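Reader: I have a protein model open and I would like to learn how to read it. Could you walk me through some features, one at a time?

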Amino acid sequence: MNIKLKIQYDGTEYHGWQVQPGNITIQEVLAKAVCRISGEEIKLKGCGRTDAGVHAEGYVCNFRTNARIPAERWPYALNSKLPPDIVCKSAEEAADSFDSNRSAKAKRYIYRIYNSDIPDAFLNRYSWQYKHRLDDEKMRRAAEAFIGKHDFIGFASSGFTVKTTVRTIYSLDVTRDGDLITIDVCGNGFLYNMVRIIAGTLVFAGSGKIKPEDMEAVIASKCRERAGVTAPAHGLCLKEVYY
């Protein structure tokens, strides 16, 4: 049986999704919980990597099992074994061909910026506090340049191996609610740290360091030095994966 899970996690205390020697990761903790329930050594596949400190509301993973536990009972079983900062929201039996990574068609991320010089106790783990006032209208204008198919090599950190750095962004919205600015981006895939660099670049636009009308040229330059900073990990959240 191929079981598809949708999970939420607060990534604050974890070194990202993927198992790493000497570090506690989401994949490791979740796989151990599955093994405790099924009695099997399973291979847990994820829809992609998330960095240390990054959160997820709709992370998808899958594993194969011979256990006779009905798929709909897995969330209750897992949540009894998982720490409170990792929650299984749903489970279903997937087609044998389903692979949470390879089968994904698009991913949606949100990045939150708390734009105030006074901290917020309820947001400091889930948003980047940026003290200087940002012009969200300039951020929205700059965001328009990212829509479509581009070579995003200038918006990736080093240390990745992919066949192509061309990606398609379907939507990129910037909204403000009081002091909270939310960047909502959906695309067919993202390079290493790409969403965080886009967020940092939009902050540069909102602070006047990059002109919105220059953003197309920044993207076309394929030069990392022309883009903005890599925004802190804790402001990023994987919102949804589409199949």
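Author: Gladly! Keep in mind that this is a predicted model. Let's begin with burial: a residue counts as buried when its relative accessible area is under 20%. Asn62 has a relative accessibility of 3%, so Asn62 counts as buried.

Reader: Where does Asn62 lie?

Author: Asn62 is part of strand β3, which covers residues 55–64.

Reader: And which residues does Asn62 touch?

Author: Leaving aside residues up to four places away in sequence, Asn62 touches Asn2, Ile3, Lys4, Lys43, Leu44, Lys45, Phe98, Asp99 and Ser100. With Asn2 there is also a polar contact of 3.1 Å between the two side chains.

Reader: Let's try helices. How do I check the length of one?

Author: Count 1.5 Å for each residue, taking one less than the number of residues. Helix α1 (residues 26–38) has 13 residues and should therefore span 18 Å; its end C-alpha atoms are 18 Å apart, which agrees. Try α4 in the same way: the expected span of its 13 residues is 18 Å, and 18 Å is the distance between its end C-alpha atoms, so the two agree.

Reader: Which residues of α1 are buried?

Author: In α1 the buried residues are Ile26, Gln27, Val29, Leu30, Ala31, Ala33, Val34, Cys35 and Ser38. Their cover includes β1 (2–9), β3, α2 (74–79) and β4 (86–94).

Reader: How many residues of α4 are buried?

Author: In α4, 13 of its 13 residues are buried. Look just past the helices too: Gly39, just after α1, takes a positive phi of about 75 degrees, and Gly208, just after α4, takes a positive phi of about 90 degrees.

Reader: Now strands, please. With which strands does β5 pair in the antiparallel sense, and over how many bridges?

Author: β5 pairs in the antiparallel sense with strand β10 (residues 236–242) over six bridges, and with β9 over eight bridges. To follow the pairing by eye, find Ala106, whose bridge partner in β10 is Tyr242. Then find Tyr111, whose bridge partner in β9 is Ile183.

Reader: Which strand runs parallel to β5?

Author: That is strand β6 (residues 128–129), joined to β5 by two bridges. Here Ile113 has Trp128 as its bridge partner. As for burial, β5 is mostly covered, with eight of its nine residues buried.

Reader: My last topic is aromatic rings. How many aromatic pairs does the structure hold?

Author: There are ten aromatic pairs. For each, look at the angle between the ring planes: over 60 degrees counts as edge-to-face. The rings of Tyr109 and Phe190 have planes at 90 degrees and centres 5.4 Å apart, so this pair is edge-to-face. Tyr109 sits in strand β5 (residues 106–114) and Phe190 in the loop between β9 (180–187) and α4 (194–206), so the pair ties together parts 81 residues apart in sequence.

Reader: Are Tyr109 and Phe190 buried or exposed?

Author: Both Tyr109 and Phe190 are buried. Another pair to try is Phe146 and Phe155: their ring centres are 5.3 Å apart and their planes are at 80 degrees, so the pair is edge-to-face. Phe146 is buried at 0% relative accessibility, and Phe155 is buried with a relative accessible area of 2%.

Reader: Which residues form an aromatic cluster?

Author: Look for Tyr9, Trp17 and Tyr59, which form one aromatic cluster.

Definitions and conventions: Residues numbered from 1 in each chain as written. Predicted model: local features only at pLDDT ≥ 70, side-chain atom pairs only at ≥ 80, totals over all residues. Heavy atoms only, no water. Phe/Tyr/Trp six-rings, centres within 6.5 Å; stacked < 30°, edge-to-face > 60°. Helix = DSSP H or I, 4+ residues; strand = E, 2+ residues; numbered from the N terminus. Buried < 20%, exposed > 50% of the residue type's maximum accessible area, 1.4 Å probe, protein only. Polar contact = N/O pair within 3.5 Å; in protein donor to acceptor, adjacent residues only side chain to side chain. Contact = heavy atoms within 4.5 Å. Pairing = 2+ DSSP bridges.
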